[in-house]
Amino acid sequence: MPDPGPRLPPRIAHFDLDTFFVAVERARDASLRGRPVLVGRAGPRGVVAAASYESRKFGCRSAMPMTQALRLCPQAIVVAPDFTAYRTVSARFHEMLRELSPVVESVGIDEAYVDLTGIGEPTGGAYAAAAALRARVHADLDVAVSVCIAGSRTTAKVGSDRAKPDGLIEVPVGDDATFLAPFAIRELPMVGPKAAETLGRMGVRTIGQLAALDERWLVQQFGSAGPVLSARARGLDPTPVNGNGRVARSISREVTFLEDVTDEAELRRVLARHAERVGTDLRDSGKRARTVTLKLRWDDFTTLTRSHTLERPVQSTAAIAEAGRALFDATIAAEGMRPVRLIGLGVTNIVEDALQLDFFDAATTTMTGTTTPAGVLRDEELDRTIDGLRARFGSGVVKRGL
Ligand SMILES: [Mg+2]
């Protein structure tokens with residue numbers, strides 16, 4: 001084996017286009033520059049899709065009703081959104097990122113994580129490479145992109161906001177915790193309003209104060225998310241940049257039987273196995289999903305699908321299995337039991353597992369009842385344990401009683 005040389009410290013960048021929709025509109029209509037611009041539909045039902053910095057000074061924000069935004073800033077120019085144009089510019093932006101590094105994870109139309117470890121060596125490193133990319137985006141697309149390069153995704157995400165507008169920050173290797181310390185806890189992507197309130201009651205306002213808290217107290221408050229929160233506050237986040245380039249739209253498993261099956265218990269067992277595999281895939285890819293879909297094909301080849309969308313995105317095998325079971329029961333009750341040729345279970349509405357602590361602040365409602373937050377955490381802890389055992393000893397090692 002060739003000597004891989006010394007291991008380079010990770011350099012993770014978060015690229016975020018500044019007021020993206022507004023920037024695209026200004027690139028084709030220079031008269032909009034320097035003036036308050038609201039992208040969105042006019043009229044009583046219109047909503048602000050993007051607000052320029054000039055209009056934000058008056059309190060305008062995206063997702064605000066257009067009428068309210070115009071009351072705050074009557075002189076604003078309203079531009080109807082052109083999503084085709086935004087998608088075209090976004091595609092070229094992501095293309096440029098993929099020319100910069102093979103490991104690019106798009107997290108939206110206007111932002112992406114890029115692994116810049118070893119990029120730009122031996123000449124200016126990650127900083128020079130990112131600066132060159134920013135210049136290219138300016139020159140070719142006529143929009144601005146703010147960037148932070150750091151040791152982890154968490155720090156890079158927090159930092160790119162500080163780099164706005166139109167800036168580039170590099171947090172030196174090993175300085176993530178020091179960089180994050182003065183910022184408000186709400187700047188951490190995983191701290192939602194309720195978690196911030198819980199922490200605020202303890203007098204915790206800054207990320208530095210959070211990093212200094214006793215981990216045992218965090219576990220009492222937030223369960224298994226506590227240690228993760230503590231680590232993130234110190235800028236430690238082992239989540240790699242997922243370089244496959246796209247987020248799967250659905251994850252599913254199905255099986256076609258050699259002979260049609262009429263035994264309900266057998267079908268339930270197969271469904272439970274599907275749930276297990278779908279759940280494992282979700283957790284492996286760091287995702288959650290909200291919609292669970294059951295697919296059944298009868299012996300006459302007619303196929304039906306039934307879906308249920310949950311209150312909150314889930315990733316536990318138990319939650320997926322429960323939804324699948326309920327769909328199965330409802331289908332059999334409505335259609336009667338017939339010989340089954342194929343049975344499948346899948347999830348859609350897939351989102352990043354942002355580890356929003358507020359997922360656990362309220363009870364999670366499922367089709368057949370209510371699971372306590374503690375129950376959700378227990379399910380997820382059990383999944384992690386089983387996933388870990390499987391990874392070490394192979395998939396046959398554990399079976400759960402579903
Ligand atoms: Mg943006």
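Strands β10 and β11 form a hairpin with 4 residues between them. In this predicted model, the turn includes Phe301, whose phi is positive at about 75 degrees. A magnesium site and the packing of helix α8 are covered after the hairpin.

**Hairpin β10/β11**
- The two strands, β10 at residues 287-298 and β11 at residues 303-314, run antiparallel and are joined by 8 bridges.
- Lys295 has Thr305 of β11 standing opposite.

**Magnesium site**
- The magnesium ion has protein donors from Asp16 (OD), Leu17 (O) and Asp110 (OD), which lie 2.2 to 2.5 Å from the ion.
- The spacing of these donor residues in sequence is D-L-x92-D.
- Asp16 belongs to strand β1 (residues 12-17), while Asp110 sits in the loop between β5 (104-106) and β6 (111-115), so the pair ties together parts of the chain that are 94 residues apart in sequence.
- Asp16 counts as buried because its relative accessibility is 9%, under the 20% cut-off.

**Helix α8 and its surroundings**
- Helix α8 spans residues 193-201, and its buried residues are Ala195, Ala196, Thr198, Leu199 and Gly200.
- These buried residues of α8 pack against two helices, α9 (207-211) and α10 (215-222).
- Gly203, just after α8, has a positive phi of about 80 degrees.

How values were computed
Residues numbered from 1 in each chain as written. Predicted model: local features only at pLDDT ≥ 70, side-chain atom pairs only at ≥ 80, totals over all residues. Heavy atoms only, no water. Pairing = 2+ DSSP bridges. Donors = N, O, S within 2.8 Å, 3.2 Å for Na, K, Ca; no water. Buried < 20%, exposed > 50% of the residue type's maximum accessible area, 1.4 Å probe, protein only. Contact = heavy atoms within 4.5 Å.
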